[in-house]
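Here is an informal walk through one model, taken a few contacts at a time. Keep the viewer open while you read.

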Amino acid sequence: MRVACFYCGAPKNFETRVNGGSRGIHFKRIRELRRFWRSWQFWELNDLLLPLKLEPFLIFPMRKPSIALLLATLLLFVSSGFAQNAQPTPQPPSPSPALAPKPAPQAPGVSQPGEPAQPQATPSHRLEVEPVEKEQKDHKITPAEAKELFNSVDEILRFASKDTGLPIKKQIKRTIVSRAQVEKYIGQKFKNDADRIRFERSELVQKKFGLLPRQFDLHGFLVKLLTEQVAGYYDEKSRTMNLLDWNEPDMQRPVMAHELTHALQDQSYDLEKMSKQEEEIEKRGLQDLDALIRNDEESTCRSAVLEGQAMIVLLDYVLAPSDQSVEKMPQVVDLMQASMDKSRGSPIFDSAPLILQEELAFPYRQGMKFIKELLVAGGKKLAYTGVLARMPQTSREVMEPKEYLAGHREPPLLLPDFGFLKKDYEPFDAGAVGELDVNILLRIYADEELAKRLTPEWRGGSYYAAEKKGAKPPDRNSSAHIGLFYVSKWASEEAAQEFAKTYANSLATRYKEVRHVHGDAPERLQFMSSDGPIFIQQTGNTVVAVESFEEDVAKKLIEAGLKPAGLSAKE
């Protein structure tokens, strides 16, 4: 299920119809929203600095902060009692990023300072965004400031390379873009973006799961969210750093540290190729369920690693003038994450359903914490080139770094053969339900306490949705014609029992009418809802939930769901 910079590949393409069915999205299908989102690069530098006690100097154009004052404040923070608890690692002092950079030769494709270039609408476009007050007058970049910013690209790129160990293989093209050009690009891309179209069309599956309110207007939400933000970006397709002509240079440099980290990742690991591989899997869609389920969790992990690394470099860049870094002072990440959990500073984003907030913020907040843990455990080699060479494969490894460090990997819970559905149903959607997804689901179905206790017990999950042939739903929010199959695996039988109970208790909040029905199998919970029959069976450490399928079909689905675990529906 993935707000803010996406490896820049965010959320990217919301697929159209596959195998005659409209590809839905819920759990990992929200990965598509992440890819869409990261193609816009939405995240707020303001949120990064709040935990560093910089409230008077937030990165908003209306405050016009001095970078020297900001760094002085950081130095005061670093020299406080908090810093005394850190375990410094010997390291040569880094040059201050605030120092005036030396002139650098113009890279190929560089626009002339002061001459805005028209952004090109490419599928892998990525935007870094920070909120602005519409009534605040912009700071117009002067030719001299533009030249200084262009030179800063090379300086900050060298800093990021030294910080990560990722080599500089090519010069980075750079250009200046205006607000009007970026807003025009956003409008065009939002209108035509395939990811957005698919996500909006598939929101029905999320509503059936109870992850989105039934009357939630996803299209309206996305429009408001985009118009609330203004953007700057690194384009991974054209390999160009796009700088804003309305923000002061000092306010753009920390964001550049984040973005240029992606440029270095791109040069060594080809982010565009990663995106294309994901897109190929999405194109095959329901024709290759195994690849789709594996890619769901793996793509979530890739985004978390790429964004987490970029967040750590941004912090290191801000801390460098005081000769500090995340490696020396890892507690700063925990403070920042705690602050980001409390407030994101965006009225529209803060009003979004939990599923959207958590999935979109995950690569930044949890990715940053994951990379921090690798830094502490194995230094920069493990945290950068090491993890890029051996990516985590499930969100469990990102949420619980000790599992990754110990080499513990949960195999994907693949779907059984659903060939018997072909006569009456069309494929609609399928995907993995990872530990991140379960955590969100439990918080929606129950509360934070239960989610915190039960989430670590997750050991696998997947779902499949099918559309009844010839069905004519009465309205766009009706989901009775969508059959849903969800299988989950847990660390123990006790954990599976608790999850089955929680899932059953959630039905009353998901459907207008729900009543318990006494069936012919005592081990199977049966309900009748406004969307039709619902069956929930827990056998051993496995739970299978089937919704809106006829009873004879539901029994076959439950039997098929228990087979991978070597269980019988009658056990």
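What follows covers salt bridges, then helix packing, then two single residues.

Bear in mind that this is a predicted model.

**Salt bridges**

How many salt bridges does the structure hold? The count is 27. Three of the pairs are set out here, with the N to O distance for each.

| Acid | Base | N to O distance |
|---|---|---|
| Glutamate 278 | Arginine 302 | 3.0 Å |
| Glutamate 358 | Arginine 365 | 2.5 Å |
| Glutamate 410 | Arginine 459 | 3.6 Å |

Take the pair of arginine 302 and glutamate 278, whose side chains meet at 3.0 Å. This salt bridge ties together distant parts of the chain, with arginine 302 sitting in helix 12 (residues 289–319) and glutamate 278 in helix 11 (residues 271–284), 24 residues apart. Are the two partners buried or exposed? Arginine 302 has a relative accessibility of 14%, so it counts as buried. Glutamate 278 is buried as well, with a relative accessible area of 1%. The cut-off behind both calls is under 20% relative accessible area.

For the pair with the 2.5 Å distance, glutamate 358 and arginine 365, both residues are buried.

Glutamate 410 and arginine 459 have their closest N and O atoms 3.6 Å apart. Here too the salt bridge links distant parts of the chain: glutamate 410 lies in the loop between helix 17 (401–405) and strand 7 (425–432), while arginine 459 belongs to strand 8 (residues 458–468), 49 residues apart. Glutamate 410 is partly exposed, at 24% relative accessible area. Beyond single pairs, one network made of salt bridges with shared partners joins Arg396, Glu400, Lys402, Glu403 and Glu435.

**Helices and how they pack**

Back to helix 12, this time with a helix partner. Helix 5 (residues 143–164) packs against helix 12 at an angle of about 115°, and the two axes are 10 Å apart. That angle makes helix 5 roughly perpendicular to helix 12, and their crossing is right-handed. Which residues meet there? From helix 5 come Ile156, Phe159, Ala160, Asp163 and Thr164, and from helix 12 come Val313, Asp316 and Tyr317.

Helix 21 (residues 551–562) is a different topic. Its 12 residues reach 17 Å from first C-alpha to last, close to the 16 Å expected at 1.5 Å a residue. In helix 21 the buried residues include Val553, Leu557, Ile558 and Leu562, along with Ala554, Ala560 and Gly561. What covers the buried residues of helix 21? The cover includes strand 9 (482–490), strand 11 (524–529), strand 12 (532–539) and strand 13 (542–547).

**Two residues to click on**

Start with tyrosine 445, which is found in helix 18 (residues 435–445). It counts as buried, at 11% relative accessibility. Leaving out residues up to four places away in sequence, tyrosine 445 touches Phe209, Thr502, Tyr503, Ser506 and Arg510. The C-alpha atoms of tyrosine 445 and tyrosine 503 are separated by 7.1 Å, with the two residues 58 apart along the chain.

Then try alanine 480, in the loop between strand 8 and strand 9. Alanine 480 is partly exposed, with a relative accessible area of 36%. With residues up to four places away in sequence again left out, alanine 480 touches Ser530, Asp531 and Ser548. Between the C-alpha atoms of alanine 480 and glutamate 547 the separation is 9.0 Å, and these residues are 67 apart along the chain.

Terms used:
Residues are numbered from 1 along each chain as its sequence is written. This is a predicted model: local features need pLDDT of at least 70, side-chain atom pairs count only at pLDDT 80 or more; totals for chains, interfaces and linings use all residues. Side-chain values use heavy atoms; hydrogens and water are left out. A salt bridge is a side-chain nitrogen of Lys or Arg within 4 Å of a carboxyl oxygen of Asp or Glu. Helices (H or I, at least four residues) and strands (E, at least two) are DSSP runs, numbered from the N terminus. Buried means under 20% relative accessible area, exposed over 50%, partly exposed in between (1.4 Å probe, protein chains only). The expected span of a helix is 1.5 Å times one less than its number of residues. Contact means heavy atoms within 4.5 Å. Axes are lines fitted to C-alpha atoms, for helices over the stretch in contact, and angles run from 0 to 180 degrees between N-to-C directions. Angles under 35 degrees count as roughly parallel, over 145 as roughly antiparallel, 65 to 115 as roughly perpendicular and the rest as oblique. A crossing is left-handed if the near helix is turned anticlockwise from the far one by less than a right angle, and right-handed if clockwise.
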